[in-house]
Each structure stands twice: as C-alpha cells, then as structure tokens.
Amino acid sequence: MLAKRVIFEGRVQGVGFRYTVKDLSRGFDVCGWVKNLADGSVELQVMGEPDEVESFIKEIAEESNVAHHIKNLIAVKIPLLENCTGFTIER
C-alpha cells in the first residue's frame, strides 16, 4: 500500500476541482479525501496500491477536465492513512 499527499496549485478553487477528483476516484481502487486550503490550493490525501495511486494522480493532473487549471503539484509519500474507507470531500 502507498499513501500520498498532493498539493495542487493554480486556479483550483471555484472550478469544481474537488468534485471532479471525487468523481474520478470512483474509477480507481483508492481511498482518501480532498479539500480546499486557505492559501487557494487544494490538498489530496490518497491511499491504495502504488499503481492505482499513481494512475489516479496522473489522471487528475494530465487527463481530467480540470487539469488545465493546475500550475504546479507537489506530491510526497506519507504514512498510511488510518481507517481509510471510501473517498470524501473534506470541508
């Protein structure tokens, strides 16, 4: 299993970014959450098999209908998420 924290920077708030990420998560065997941050970026924490996690992040950053809003992303490996089931939008 692999867990990652990804910060998406750019015009990623107010464009349906979190809802797109949640919708995309249905196509991958991952769990986690996505939320807006006060600085205008969006944080994703996701866990799953390494290939699923990497494919999910790639789909968001390169193939999704909000990919063009991303100016930068920072992805780091984090400890496995505890009690992680499903995928949610955090507020």
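Reader: In which loop is Asn 83 found?

Author: The model discussed here is predicted. Strand E4 covers 70–78, and strand E5 covers 87–89. Asn 83 is found in the loop between strand E4 and E5.

Reader: Is Asn 83 buried or exposed?

Author: A residue counts as exposed when its relative accessible area is over 50%. Asn 83 has a relative accessibility of 78%, and therefore counts as exposed.

Reader: What is the phi value of Asn 83?

Author: Asn 83 is a residue other than glycine, and its phi is positive. The value is near 50°.

Reader: In what order do the elements of the protein run from the N terminus on?

Author: The secondary structure comes to two helices and five strands. Strand E1 covers 2–10, helix H1 17–25 and helix H2 50–63. From the N terminus on, the order is β-α-β-β-α-β-β.

Reader: What radius of gyration does the protein have, against that of a compact globule?

Author: The C-alpha trace spans about 30 × 25 × 20 Å along its principal axes. For 91 residues, a compact globule would have a radius of gyration near 12 Å, and the protein agrees with this because its own value is 12 Å.

Reader: What share of contacts between residues at least 6 apart in sequence join residues at least 24 apart?

Author: A contact here requires heavy atoms within 4.5 Å. Among the contacts between residues at least 6 apart in sequence, the share joining residues at least 24 apart is 76%.

Reader: Which element gives the most to the largest nonpolar core?

Author: In soluble globular proteins, nonpolar side chains tend to be buried together. In this protein, the largest nonpolar core has 21 residues, and Phe 8, Phe 17, Val 21, Leu 44, Phe 56 and Ile 60 have the most contacts inside it. Strands E1, E2, E3 and E5 and helices H1 and H2 each give two or more residues to this core. With four residues, the element that gives the most is H2.

Reader: Which residues of H2 does Leu 44 touch?

Author: Helix H2 covers 50–63. Leaving aside residues up to four places away in sequence, Leu 44 touches residues including Val 6, Phe 8, Val 21 and Phe 87. From the range of H2, Leu 44 touches Phe 56, Ile 57 and Ile 60.

Reader: What part of the exposed area do carbon and sulfur atoms supply?

Author: Buried residues make up 45% of the 91 residues. The protein exposes about 5,100 Å². The part supplied by carbon and sulfur atoms is 46%.

Technical notes
Residues numbered from 1 in each chain as written. Predicted model: local features only at pLDDT ≥ 70, side-chain atom pairs only at ≥ 80, totals over all residues. Heavy atoms only, no water. Rg over C-alpha atoms; globule rule 2.2 N^0.38 Å. Buried < 20%, exposed > 50% of the residue type's maximum accessible area, 1.4 Å probe, protein only. Areas by Shrake-Rupley, 256 points an atom, 1.4 Å probe, with all protein chains shown as cover. Core = buried A, V, L, I, M, F, W, Y, C linked by side-chain atoms within 4.5 Å.
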